Amino acid sequence: MHPDPHVLVLVAHPDLGRSRVNAALADAVRGLRHVTVHDLYGSYPDHRVDVPRERALLHAHRTVVLQFPFYWYSTPPLLKQWLDQVMPYGPALTGKTLRLAVSTGSAAHTYTPEGRTGYTMAELLRPLEATARLTGMDLAEPLLVHGARNLTDEELKRTAERYQELLCAAGAVQRTS
Ligand SMILES: Cc1cc2nc3c(=O)[nH]c(=O)nc-3n(C[C@H](O)[C@H](O)[C@H](O)COP(=O)(O)O)c2cc1C
């Protein structure tokens with residue numbers, strides 16, 4: 001049995017209604033009892049983030065997932081704003097875990113030194129890794145969904161199942177601690 005929700009999934013897609021990948025991922029975990037799915041753009045269409053509410057959500061969960069489509073090798077703007085306004089500066093989140101779930105339009109092979117992008121995802125995600133480190137959070141292995149446009153329905157389904165498993169495992173690990 002799951003206790004109170006302890007995985008917070010912050011979904012940051014500017015148009016979730018037209019999303020294929022992020023909508024499927026969010027749908028896959030929305031029904032899990034220990035997971036809170038929080039649609040940032042849906043909650044704040046005017047980009048006025050309720051900082052006390054977001055801080056309370058952050059503190060009430062032990063794992064935080066940032067789920068977003070890669071936009072210019074970074075987060076969509078509302079997620080950056082959320083980080084700017086909500087993340088506490090300093091080691092206030094020790095003991096919590098941060099996981100990234102990122103979809104990209106470009107294929108996996110482009111995210112190599114020889115590829116068109118020229119950098120690996122690990123390199124490009126460094127600022128978020130540094131943010132986790134500064135705030136005292138552990139960083140879990142990211143879920144990367146590459147080549148969003150060319151993903152078959154079957155591949156997307158398997159990816160969504162993998163996401164569900166990862167978040168269930170997060171719950172299982174935390175339940176026994
Ligand atoms: C403004 C904008 C910037 C984007 N920048 C990138 C990028 O830097 N790298 C990349 O691989 N894809 C980029 N894309 C493609 C999106 O990441 C891709 O469409 C998205 O992950 C698909 O997920 P969805 O089906 O949930 O919308 C960009 C798309 C938009 C609209």
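Here is a quick tour of this structure, from its cores to the residues around its ligand. Keep in mind that this is a predicted model. The largest nonpolar core has 31 residues, and a second, separate core has 23. There is also a ligand with 16 residues around it, and His13 and Tyr111 are among those that come nearest.

**The two cores**

- In the largest nonpolar core, the residues with the most contacts inside it are Leu40, Leu66, Phe68, Phe70 and Trp82.
- Several elements give two or more residues to this core, including β1 (7-11), α2 (40-43), β3 (63-69) and β4 (97-103). Helix α4 (77-86) is on that list as well, and α4 gives the most, with 5 residues.
- As for Leu40, its contacts beyond the neighbours within four places in sequence are Leu10, Val11, Ala12, Glu54, Leu78, Leu79 and Trp82.
- The second core is separate from that one, and Ala26, Leu32, Leu143 and Leu156 are among its 23 residues.
- As a rule of thumb, nonpolar side chains in soluble globular proteins tend to be buried together.

**Helices α1 and α3**

- Helix α1 (21-30) is mostly covered, with 7 of its 10 residues buried. Those buried residues are Val21, Asn22, Ala23, Leu25, Ala26, Ala28 and Val29.
- In α3, the buried residues are Val51, Glu54, Leu57 and Leu58. They span an arc of only 125° around the axis, so they sit on the same side of α3.
- Here is the general background: an α-helix has 3.6 residues a turn, so residues three or four places apart point the same way.
- What do the buried residues of α3 pack against? Their partners are β1, β2 (35-39), α2, β3 and α4.
- At its N-terminal end, α3 is capped by Asp50, with a side-chain oxygen 3.2 Å from the backbone nitrogen of Arg53.

**The aromatic cluster**

- The count of aromatic pairs comes to 4. Phe70 and Tyr111 make a tilted pair, with ring centres 6.2 Å apart and planes at 50°.
- Phe70 is in the loop between β3 and α4, while Tyr111 is in the loop between β4 and α5, so this pair ties together parts that are 41 residues apart in sequence. Both Phe70 and Tyr111 are buried.
- Tyr73 and Tyr111 pair edge-to-face, at 6.4 Å centre to centre and 75° between the planes. This pair also links distant parts of the chain, 38 residues apart.
- Is Tyr73 buried or partly exposed? Tyr73 is partly exposed, at 37% relative accessible area, whereas Tyr111 counts as buried at 7%.
- Ring pairs join Phe70, Trp72, Tyr73 and Tyr111 into a cluster.

**Around the ligand**

- Of the 16 residues around the ligand, the nearest are His13, Ser19, Asn22, Ser103 and Tyr111.
- Two side chains each have a polar atom close to an oxygen atom of the ligand: the distance is 2.7 Å for His13 and 2.6 Å for Ser103.
- Gly105 joins in through its backbone, where a polar atom is 3.0 Å from a nitrogen atom of the ligand.
- His13 lies in the loop between β1 and α1 and is buried, with a relative accessible area of 11%.
- A polar atom of the His13 side chain is 2.9 Å from the backbone nitrogen of Asp15. Not counting residues up to four places away in sequence, His13 touches Ser19, Asn22, Tyr41, Pro69 and Tyr71.

**Two more residues to look up**

- His146 is in the loop between β6 (143-145) and α7 (153-176). Its side chain makes a polar contact of 2.9 Å with the side chain of Thr104.
- Beyond its neighbours within four places in sequence, His146 has contacts that include Ser106, Ala107, Tyr111 and Met121.
- Tyr163 belongs to helix α7 and is buried, at 0% relative accessible area.
- Which side chain shares a polar contact with that of Tyr163? The partner is Gln67, at 2.9 Å.
- Residues that Tyr163 touches, leaving out those up to four places away in sequence, include Val9, Leu25, Val65, Ala101 and Leu143.
- Tyr163 and Leu134 are 29 residues apart in sequence, and their C-alpha atoms are 26 Å apart in space.

Note on methods:
Residues numbered from 1 in each chain as written. Predicted model: local features only at pLDDT ≥ 70, side-chain atom pairs only at ≥ 80, totals over all residues. Heavy atoms only, no water. Core = buried A, V, L, I, M, F, W, Y, C linked by side-chain atoms within 4.5 Å. Buried < 20%, exposed > 50% of the residue type's maximum accessible area, 1.4 Å probe, protein only. Helix = DSSP H or I, 4+ residues; strand = E, 2+ residues; numbered from the N terminus. Contact = heavy atoms within 4.5 Å. Polar contact = N/O pair within 3.5 Å; in protein donor to acceptor, adjacent residues only side chain to side chain. Phe/Tyr/Trp six-rings, centres within 6.5 Å; stacked < 30°, edge-to-face > 60°. Arc of directions from axis to C-beta. Near = heavy atom within 4 Å.
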